[in-house]
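Colleague: Could you take me through a close look at a single part of this model, picking one residue and following its surroundings outward?

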Amino acid sequence: IRNNDSAASLQLIIERRDNSDSTRKVETHSFLLDNISKETWLVSSHIEQLHDIYQHQNQQSLATVACQLTEESGQFRCQPLNEGSVFCFLPLSVPSTGLPVHVSANFAVMSNRSGIWTSTSSSSPSDSREWWNLKLMEVVIPKAYC
């Protein structure tokens, strides 16, 4: 989309899929507003069917990580974030991912969206929400990150 009057433009989105493991790599290049701002992000997603041991059914998981890129001498490099944010379609009230990227996944969230369901009393999950989030963090998010 280009608008010559206000110099706003939306440039290019490149999507690649790897059929072997359902990994999707998306590169978004330069949306420019009034010739002031230009950002380039590398976005990587992974979709996987997980078998929920509590509900005895398969469910589709989705995780996406995003890293802002900087260009130096024609090469792009990931600009590590000080504090990556956590999203479940919208931002969550979670302090940080502990990773240098933003993470979005279809987490089981608390009703007030203050966080995700996690096991607080033991090392093993006690219900399907805790199990789901554990599998997202141990299996699906790492595949999107790589």
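**Thr-64 and its surroundings**

Modeller: In this predicted model, Thr-64 touches Val-43, Ser-44, Ser-45, His-102, Val-103, Ser-104 and Ala-144, leaving aside residues up to four places away in sequence. Thr-64 itself lies in strand β5, and it counts as buried because its relative accessible area is 19%, where the cut-off for buried is under 20%. Among the residues it touches, Ser-45 also meets it through a polar contact, side chain to side chain, at 2.8 Å.

The strand that holds Thr-64 has a partner: β5, covering residues 57-72, pairs with β4, covering residues 40-52, in the antiparallel sense and over 13 bridges. One of the positions along this pairing is Glu-48, whose bridge partner in β5 is Ser-61. Four residues lie between the two strands in their hairpin, and there His-56 takes a positive phi near 55°.

Another of the contacts of Thr-64, Ala-144, leads to helix α1, which runs over residues 128-145. This helix has 18 residues and reaches 24 Å from its first C-alpha to its last, close to the 26 Å expected at 1.5 Å a residue, and it bends by about 40° at Leu-136. Both Leu-136 and Ala-144 are buried, as are other residues of α1, including Trp-131, Trp-132, Asn-133, Val-140 and Ile-141. Taken together, buried Thr-64 touches buried Ala-144 of α1, while its side chain makes the polar contact with that of Ser-45.

Key. Residues numbered from 1 in each chain as written. Predicted model: local features only at pLDDT ≥ 70, side-chain atom pairs only at ≥ 80, totals over all residues. Heavy atoms only, no water. Expected span 1.5 Å × (residues − 1). Bend = angle between axes of the 7 residues up to and from the residue. Buried < 20%, exposed > 50% of the residue type's maximum accessible area, 1.4 Å probe, protein only. Pairing = 2+ DSSP bridges. Polar contact = N/O pair within 3.5 Å; in protein donor to acceptor, adjacent residues only side chain to side chain. Contact = heavy atoms within 4.5 Å.
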